[in-house]
Amino acid sequence: MQLLVFILAYPLLWLISILPYRLFYGFSDFVFFLVYHVVGYRKDVVKTNLELAFPDKTEEEILAIRKKFYHHMCDAFLEMVKTMNLSKAEVAKRYAIQNIEVIQEIEKEKTILVVCSHYANWEWNVSINNHVTSQGYAVYQKISNPYFDRWVKKVRARWNTILITKEETAKVVLKNHLNNKIGIFGMVSDQSPQRSRAQYWTEFMGVKVPVINGAESFARKMDLAVVFLKVSKVKRGYYSAEFIPITTSGKSTEKNEITDTFLRLAEQQIREKPEYYLWTHRRWKHRNNVPVEFQ
């Protein structure tokens, strides 16, 4: 059944990927109509998340942000599909990196963790590998359907980026370290961990939540550099990326310093243009079950 679903879906995905941009974004508008007006996918979740993050905004403002978010979400999903047939020249035009020299300078001496949030377009982050000399790795969440998993790996592995799961990350970082090999590891670090596995709770957008501190753990143990990737949406289909160094020496940081800095940078980004954050995640679902030691 999983193979059948993939066989039926793949031709449509391929067709979408080759559409001229005017038709491509016209199709995205159609998908928005279905998702927002017909299906109503997680509209209540999005509204609740926005109300938690922006308690001072009126309901009218919240609903306006929600509608803009769904427009962007449909664009972002289809832009991932577009990657199937996106050339280096085209992605360089539509995903402009403002200060790649920050990464190029650090990679001369240190392995780098590039951390970002689910904001704007995180799928095209893998194109960074076109501008660096070190091997690029992207940490991803494995998909249960093995055929779609292989497809996603193939799409995201464009431009010589190696995809690894979060479970494989520590092993690869350690192996590179033992072999004196410098790498650049990209992680989307704003997911919500299981409550029972959370080692640290802190405020995110004004609400106390459990946070993943795996990137910080790697950086402090292996003395890695950590850089925040800020991606801004310039206009439809066009993005601008900026690297903001957090530390060039993970072992010199205090406990939770890297995690807290990342969260503050992510918050600042979200507050600037909230409609470009992925609000369908139940990021604040554990807010009413904060352990006593973190209250």
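This is a tour of a predicted model, moving from the nonpolar core to a pocket, the cavities and a few single residues.

**Stop 1: the core**

Start with Y95, W151, F243 and W279. In the largest nonpolar core, which has 90 residues, these four touch the most other members. Then colour helix α4, residues 59-82: this helix gives the most to the core, with 9 residues.

Keep F243 selected and show what surrounds it. Which residues is F243 in contact with, leaving aside its neighbours within four places in sequence? The list begins with I97, N99, I100, V102 and I103, goes on to V114 and I128, and ends with V227, F228 and L229.

**Stop 2: the second largest pocket**

Select L12, L13, I16, F27, V31, V35, Y41, M73, C74, F77, L78 and V81, which line the second largest pocket. The elements giving two or more residues to this lining are α1 (2-17), α2 (21-39) and α4. Helix α4 appears here again, with the largest share of the lining, 5 residues. The volume of the pocket is about 230 Å³. Its lining is made up of 12 nonpolar residues, with no polar and no charged ones.

Within that selection, pick C74. Is C74 buried or exposed? C74 has a relative accessibility of 4%, so it counts as buried, the cut-off being under 20%. Now go to C116, which also counts as buried because its relative accessibility is 5%. No disulfide needs to be drawn at either cysteine: a search of the whole structure finds 0 disulfides.

**Stop 3: the cavities**

Rolling a probe the size of a water molecule over the atoms shows where empty space is left. How many cavities of 30 Å³ or more does the structure hold? There are 2.

For the largest cavity, select S189, I212, A215, T259 and F262; of the 14 residues in the lining, these lie nearest the centre. The volume of this cavity is about 90 Å³. Both α9 (214-222) and α10 (257-272) supply at least two residues of its lining, and α10 gives the most, with 4 residues. By class, the lining holds 9 nonpolar, 4 polar and 1 charged residues.

For the second largest cavity, select F69, H72, M73, A76, W122, Y276, Y277 and L278, which line it. Its volume is about 30 Å³. The lining divides into 7 nonpolar residues and 1 polar, with no charged residue. M73 lines this cavity and also the second largest pocket.

**Stop 4: N256**

Next, find N256 in the loop between β9 (238-247) and α10. N256 counts as buried because its relative accessibility is 13%, against a cut-off of under 20%. Apart from neighbours within four places in sequence, N256 is in contact with Y200, N213 and E216.

**Stop 5: S232**

Finish on strand β8, residues 225-235, where S232 is placed. The relative accessible area of S232 is 29%, so this residue is partly exposed. Setting aside neighbours within four places in sequence, its contacts are A120, Y238, Y239 and S240.

For a last selection, add I97, one of the residues in contact with F243. How far apart are S232 and I97 in sequence and in space? They are separated by 135 residues in sequence and by 10 Å in space, C-alpha to C-alpha.

Methods:
Residues numbered from 1 in each chain as written. Predicted model: local features only at pLDDT ≥ 70, side-chain atom pairs only at ≥ 80, totals over all residues. Heavy atoms only, no water. Core = buried A, V, L, I, M, F, W, Y, C linked by side-chain atoms within 4.5 Å. Buried < 20%, exposed > 50% of the residue type's maximum accessible area, 1.4 Å probe, protein only. Contact = heavy atoms within 4.5 Å. 1 Å grid on protein atoms, 1.4 Å probe; cavity = no way out; pocket = protein on both sides within 12 Å on 5 of 7 lines; lining within 4 Å. Points joined across faces, edges and corners; volume = space filled by probe spheres on them. Nonpolar A, V, L, I, M, F, W, Y, C, P; charged D, E, K, R; others polar. Disulfide = S-S within 2.5 Å.
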